[in-house]
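Welcome! Take a moment to turn the structure around before reading on; the notes that follow walk through it step by step.

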Number of protein chains: 4
Amino acid sequence: MRTPVIVVNFKGYLEASGEQGLSLAKICEVVAMESSTSIVIAPQMVDLSLMVKTVNIPVFAQHIDDVKAGSCTGHIPPEGVAATGASGTLLNHSEHRLKLADIDVLIHRASALNLETIVCTNNLAVTKACAELGPDYVAIEPPELIGGDISITSADPDIVKNAVKDVKALNPDVGVLCGAGVKTSEDVKMALELGTVGVLLASGVTKAKDPKDALMELASGIN
Amino acid sequence: MRTPVIVVNFKGYLEASGEQGLSLAKICEVVAMESSTSIVIAPQMVDLSLMVKTVNIPVFAQHIDDVKAGSCTGHIPPEGVAATGASGTLLNHSEHRLKLADIDVLIHRASALNLETIVCTNNLAVTKACAELGPDYVAIEPPELIGGDISITSADPDIVKNAVKDVKALNPDVGVLCGAGVKTSEDVKMALELGTVGVLLASGVTKAKDPKDALMELASGIN
Amino acid sequence: MRTPVIVVNFKGYLEASGEQGLSLAKICEVVAMESSTSIVIAPQMVDLSLMVKTVNIPVFAQHIDDVKAGSCTGHIPPEGVAATGASGTLLNHSEHRLKLADIDVLIHRASALNLETIVCTNNLAVTKACAELGPDYVAIEPPELIGGDISITSADPDIVKNAVKDVKALNPDVGVLCGAGVKTSEDVKMALELGTVGVLLASGVTKAKDPKDALMELASGIN
Amino acid sequence: MRTPVIVVNFKGYLEASGEQGLSLAKICEVVAMESSTSIVIAPQMVDLSLMVKTVNIPVFAQHIDDVKAGSCTGHIPPEGVAATGASGTLLNHSEHRLKLADIDVLIHRASALNLETIVCTNNLAVTKACAELGPDYVAIEPPELIGGDISITSADPDIVKNAVKDVKALNPDVGVLCGAGVKTSEDVKMALELGTVGVLLASGVTKAKDPKDALMELASGIN
């Protein structure tokens, strides 16, 4: 994905499912074009193929499982995600924490399939631990701020600044995103000023009264 | 779904992913029409929406999670599956066993969303236990026969006969399917003679040299 | 275990850990003798061996894992529980729900090791499902009543009565216990009148100001 | 625990359960005294309390769960382990891998309870990731060598040397142990020469024909 970036996680929101999900994906595509901003979507798992075929912006999976492609009914093998044409995947989201050993393996399996990885983390120590594993990106999101009204960039700018500094020292190839409570252009602008390559958000767009307006506002923080 | 039925589980097979998965789904649709047979597919989870939009036969999820629609990144809420227009879901496949309490809850959540449920089981006692929970169907598949060369209908006809008899006694609204090693029209025919309303299979079609031929052969066992 | 019975689950309560746990176990033993009542304890997992060596009443594990004895660091193989001299095990407690397939297997593994099984259930359908699997006992405990002030026998006597009736019809070898909110001799008495062979409880004893008094009171409901 | 150390993991071996487990623990104690070596045991979870009361060497849990002490039937709350008088715990053993977020939390919960932590790891990247989380020790054990006949110190001395070097650079407070295939005094000696503070082993002692001889031999590698 091109950075700086806004990654929109559709989670399992009803407002981001089925036809509404498809509309939201198209809005993301339109805003990406109109604002010349790099926008990436992580739609619901069951919509992944359809989204890749429908929009012309990078589509990420929300999760992959460390299972062998084949006899893995109901699981999400990385190869199945790659076969959709998706560009990458979130890993270890706070709503789907993974075993450490699996994060390590999945980063490598994804990489071998040309899937970019964004590993979600909850604090500074875990962020550094993940950076040691060599993903493309880490996204620091203190769980207590997720879905809230105060952006991580205001609530705890130091955690973001330190994550950027420490990850750079450990592994300069790993980009840092931040998330939790990100809603305004100011939040996005500050995230970049703190050294991140972008933001990861969900409700700020998916639950907005007017998702297009909300996303245009956010995108204006990047440019 | 209309019975008698052939349910084709795509599992996570590479041969049933991406474009190949889409071709396979279309073959299933063609055979359903040409042979006037009820064929249901359970494609890879990430292809669910696309499959529903592409083919005109019932599409089932391979699995749903007992999570609340919303903050459930990377999981599969039943509501998200329903929003795709899917017709139902497998539950408790041998490759994705579920907690008893979750099977109970998911049968009810699916039902409330007009999703039919096929609960997979491994032996007679578990089949009866599942029948007590009131799914639409149970599918008995002894794990040691799955993916093998001998059909359950030959290897263990009694388990199928007893499942049909016992489930009928417990709850006549629950249909019985069987699976494991089902490959020929004779296997399908015998499954129906043993009292089932159809078969659940995977490799017999997805790994066949010519999936259309394989499925036509299977369909001929129904008519 | 001898019925009618009072099964005291120590859970992970601090009041039932370490030396306090040992005192509590001895109180249970004393009350069992003084009141000539069958009392069974399910102490914390890490205290199992010590409890078996210390008290002369049946000791149950709170849980066993479906792992092979051997390379299963950190898990609880049934053989390890049997080797302590424990008399049985709870299975599928609401705080540790199990996969249906594992409940089935564990009932048989426990039985082969002469460990009695009490499978916990949350509603009538799940109770019947468990009875199909042939444990020694099922213990119906509606989760919304656990730890509360109103006994299941007052809050929902019908669920108990129906569980007893339905389980008897399905499998007369399976005894029914009930639990949730059980605190007084009256609750115990009513449980037996409803046809159960005893009660499963935790906080009513472990969190009582005077556990011995509390347990004597409960025991008086049996005799 | 005092280093250099030999940590003996009893796993779930039948040879290390019940009375045999107790004998093995006493052997470990005797060897510790006779050879003036620091030996730590990690007995089966159900034997923890009894072992602490029986032997006069440090006893570790094999695992703890990130559950709140209280309503956690069948789980292993850290507080319950601390209440036994145990000295520490293994975490993330290859047979019981943990979520990254849980390893982070459990290290802190254990530390607050004065329980030492040994976090098991499988490769260099994961070892460094764990060191970022600040446990007392990491124990590197390539899974493919566990239970085998060739010691990690011969099969892959570089992974041990690099683990020691990298962990020291990241966090000098974290000691490095190594394990897998360790059976002889030479293996132990080499482990120390490579910079570790000890070894973690299981079958080399628990499955030895004469565990005392085996352990004496290992201990001679330390002195």
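Of the 223 residues that make up chain A, 65% count as buried. Keep in mind that you are looking at a predicted model. For chain A the average pLDDT is 95, and 100% of the residues score at least 70. The model as a whole comes with an ipTM of 0.95 and a pTM of 0.96.

How is chain A built? Its secondary structure comes to 10 helices and 8 strands. Among the contacts in chain A with a separation of 6 or more, 65% join residues that sit 24 or more positions apart.

What about overall dimensions? The C-alpha trace of chain A spans about 45 × 40 × 30 Å along its principal axes. A compact globule of 223 residues would have a radius of gyration near 17 Å, so the 16 Å of chain A agrees with that picture.

Now for the place where the two chains meet. Chain A brings 37 residues to the contact, and chain B brings 37 residues as well. On the side of chain A that touches chain B, α2 (48-54) and α3 (78-83) each supply at least two residues. The table below sorts the residues of that side by kind.

| Kind of residue on the side of chain A that touches chain B | Count |
|---|---|
| Nonpolar | 14 residues |
| Polar | 18 residues |
| Charged | 5 residues |

So much for the tour; a good place to look again is α2 (48-54) of chain A, one of the helices that supply at least two residues to the side touching chain B.

How values were computed
Residues are numbered from 1 along each chain as its sequence is written. Chains are lettered from A and ligands numbered from 1 in the order in which they are written. This is a predicted model: local features need pLDDT of at least 70, side-chain atom pairs count only at pLDDT 80 or more; totals for chains, interfaces and linings use all residues. Two residues are in contact if their C-beta atoms, placed from the backbone, lie within 7 Å. Helices (H or I, at least four residues) and strands (E, at least two) are DSSP runs, numbered from the N terminus. Ala, Val, Leu, Ile, Met, Phe, Trp, Tyr, Cys and Pro count as nonpolar, Asp, Glu, Lys and Arg as charged, and the others, Gly among them, as polar. The radius of gyration is taken over C-alpha atoms; the globule rule is 2.2 Å times the number of residues to the power 0.38. A residue is buried if 20 or more other C-beta atoms lie within 10 Å of its own, exposed if 12 or fewer, and partly exposed in between; C-beta atoms are placed from the backbone. pLDDT is the predictor's confidence in each residue, from 0 to 100.
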